[in-house]
Structure formats: structure tokens, C-alpha cells
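Please work through the exercises below with the sequence and the 3D view side by side, and try each task before you read its solution.

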Amino acid sequence: MLIVNNLTKKFGNFTVLEEINLELINGVYGLLAPNGAGKTTLIKLLSTLIFPTKGEILYDGENIIKLDDCYRDILGYLPQDFGYYKNYTAEEFLIYLSALKGIEGSKTKERVRELLKLVALEDVSKKKLKKFSGGMIQRVGIAQALLNDPKILILDEPTAGLDPKERVRFRNLLSELSRNRIVIVSTHIVSDIEFIANEVIMIKDHKILHKDSIKNICKTIDGKVYETEIEFDNAREFRNKHIALSEKQEDGKMKIRFVSNDECNDTWVKVSPNLEDLFLYEYSESLEGKK
Ligand SMILES: Nc1ncnc2c1ncn2[C@@H]1O[C@H](COP(=O)(O)OP(=O)(O)O)[C@@H](O)[C@H]1O
Ligand SMILES: [Mg+2]
């Protein structure tokens, strides 16, 4: 179990994370927040790449900084900016990284082959990485994070640059990997984690906004999400009064989905909130760049 205790991270006078508390057991955790919210900072703290200003992170009761190499032995990490050598083949690159990670030599080739199969790159294992698409590189990145069969797998924006088909494949792979480990996946795209995360962790204003199942998180705006049709001419006024979530044109009218604290009006239809609604509602100001 991974426990985050009163974690604060400042860069100079700038506070990125403040008094973060978390408890993580096995399963997939979606770390969801807009860009700049502090996802990568939290992930770097969890990976011991940077150190807390205050507070601590414990793995099975021990401070991860004190555990040092013992902690890194059970950690798999895919950075947001995954660097690779373009003149290596996928297989060569993974063997090279195994050596860097101090993984035992005799089984390396077999392990690399297994992982390339898992991420569906076995057919191109002897191709140079410079010939790989963005999605293929991301899969090499996931494979390298799995080299040591980690107990904790942390992937920072792993779906960046993937096309829709690759995203689906990635989701399936992730649920396969989540048995018997803690998997943390950061993203600013709701659909990346909507169907795979056991719990979602959201950061807002340097703090944890939610850490719960999607169902429970969505309950926080239950009864406040509606759809209605309005005239185009009234759209601006409507948006000033309510938080618009999505809009589409249908038969010359505008169909709008929105959040409102007002009493339900005759022409409004109450709908069941989803994670995208909640995300847009919570971050509407920062997404519009008003902050
Ligand atoms: N090394 C650093 N020094 C100063 N500010 C930083 C540093 N790393 C991140 N930040 C700032 O912390 C905030 C959160 O960044 P980050 O953790 O990368 O967010 P996210 O991954 O959610 O996009 C941003 O405002 C960013 O500019
Ligand atoms: Mg980031």
C-alpha cells in the first residue's frame, strides 16, 4: 500500500501541491486534471525524482526515500517526455534499459520478448525506433516500465499522441496489467480513464478535489445537469447564467447540456451526470483560461 501524508511541494515560493493525503491499494487510479494542475509533480514525487517540501510518502509503512533502490526495484515509470535512442531497435533498446536497471542478465531476452508481445510490437522488434509511430514509441515506453514486473506502475500521460484505435488497445492493456499492482495513469483527457480507472484522483487549486469511484464523484453534481433546446439568439445569455457543458445544433435549434443550481424549468430535462460533465464543471474557469 502506498500512503501519501500531508505532502506539500513548492518550487521556490510557488506552491504546486499543498497538504496532499492519499491511500492507494491495488487497481487503476486515474490522475485527472487539466494541464498545469500538478500531475507530473505528484508523479515525480511518487517516483522519488523530486523530494517533498513537507510531508512523506510511505510504501508498506516505509518512507520511499529511505527505501531508495529497494523502492525503485518495485517501481515502473513512464515519464511524460519519454526519451529513447532512435538508432536502436525496440529489442536492443529494452535490453539496454534492462542492463541500466540492473535486471538480471540471463532472463533478459526472454522478458523483453514477452513484453514486446504484450504491447503488440513483436513483429517490429528488430526495427529501428526511428521508424516507429508515436503510438508505437509509447508502447515501447510502457514495455520499459514493465521490465522489472513492478508492484507500482506509474504512467504520465501515456496516451498523448495515440490515435483512437491505439487508445482502445492501450485501455485493454492497462486493465490486464492492473491485477496485483498499483497502476497510476495521469491524463487531462476524461475518456482515457473513464472506463478503466477503479478510482479517479482529481487535483484542483493545489489540493485533492476528489479521490473516489467515478460513480461517487459524479454524484456530487447529481440533479444539477440538464439538457434543453434554446434559440441561437439566447445562447450567450444562457451561457452567462449557467455552465454550458456541450452544445450541438439540431433542426435549426441549439441543444445545450449544462449545469445549474436553479430550480428545474419546464423545458429542461434532467440527465444523469458523467465524468466529462463533472470535469468541465469543476475546471470550467481554468479551461477557459480565466484563472
Ligand atoms: N521544476 C519546476 N520549477 C518551477 N515550477 C515548476 C517546476 N515543475 C513544474 N512547475 C510548475 O508547477 C505547475 C504544475 O506543473 P505539472 O506538475 O507539470 O502539471 P501537469 O503535469 O498537471 O500539467 C505548473 O505551473 C508548472 O509550471
Ligand atoms: Mg504533466
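The exercises that follow deal with a ligand, a cavity, a pocket and three single residues.

This is a predicted model, in which local features need pLDDT of at least 70 and side-chain atom pairs count only at pLDDT 80 or more, while totals for chains, interfaces and linings use all residues. Residues are numbered from 1 along each chain as its sequence is written, chains are lettered from A and ligands numbered from 1 in the order in which they are written, and side-chain values use heavy atoms, with hydrogens and water left out.

**Exercise 1.** Find which residues surround ligand 1, and state which element gives the most to its shell.

Solution. Begin with the shell, where a residue is near the ligand if one of its heavy atoms lies within 4 Å of it; the residues found around ligand 1 are Phe11, Phe14, Val16, Pro34, Asn35, Gly36, Ala37, Gly38, Lys39, Thr40 and Thr41. Next, look for polar contacts, that is, pairs of N or O atoms within 3.5 Å. A polar backbone atom of Lys39 is 2.8 Å from an oxygen atom of ligand 1, and an N or O atom in the side chain of Thr40 is 2.8 Å from an oxygen atom of the ligand. The protein buries 59% of the 560 Å² that ligand 1 exposes when taken alone, with areas from the Shrake-Rupley method and a 1.4 Å probe. Two elements, β2 (14-24) and α1 (39-46), give two or more residues to this shell, and α1 gives the most, with three; helices (H or I, at least four residues) and strands (E, at least two) are DSSP runs, numbered from the N terminus.

**Exercise 2.** Describe the lining of the largest cavity and the lining of the largest pocket.

Solution. On a 1 Å grid over the protein atoms alone, a cavity is a set of points where a 1.4 Å probe fits but cannot get out, a pocket is an open set with protein on both sides within 12 Å along at least five of seven lines, and lining residues have an atom within 4 Å of a point. The largest cavity holds about 30 Å³ of space, a volume being the space filled by probe spheres set on the points, which are joined across faces, edges and corners. Its lining consists of Leu22, Leu24, Leu31, Leu42, Leu46, Ile184 and Ile201, with β2 and α1 each supplying at least two residues. Turn then to the largest pocket, with about 540 Å³ of space; 19 residues line this pocket, and Arg72, Leu75, Tyr77, Lys101 and Gln144 are the closest to its centre.

**Exercise 3.** Are Glu19, Glu157 and Asn180 buried, partly exposed or exposed?

Solution. Apply the cut-offs of relative accessible area, with a 1.4 Å probe and protein chains only: buried means under 20%, exposed over 50%, and partly exposed in between. Glu19, in strand β2, is partly exposed because its relative accessible area is 39%, and its phi is positive, at about 50°. Glu157, in the loop between β7 (152-156) and α7, counts as buried because its relative accessibility is 6%, and its phi, near 50°, is also positive. Most residues other than glycine have a negative phi. Asn180, in the loop between α7 (164-177) and β8 (182-187), is exposed because its relative accessible area is 57%.

Terms used: A polar contact is a pair of N or O atoms within 3.5 Å; within protein, one must be able to donate a hydrogen and the other to accept it, and residues adjacent in sequence count only if both atoms are side-chain atoms.
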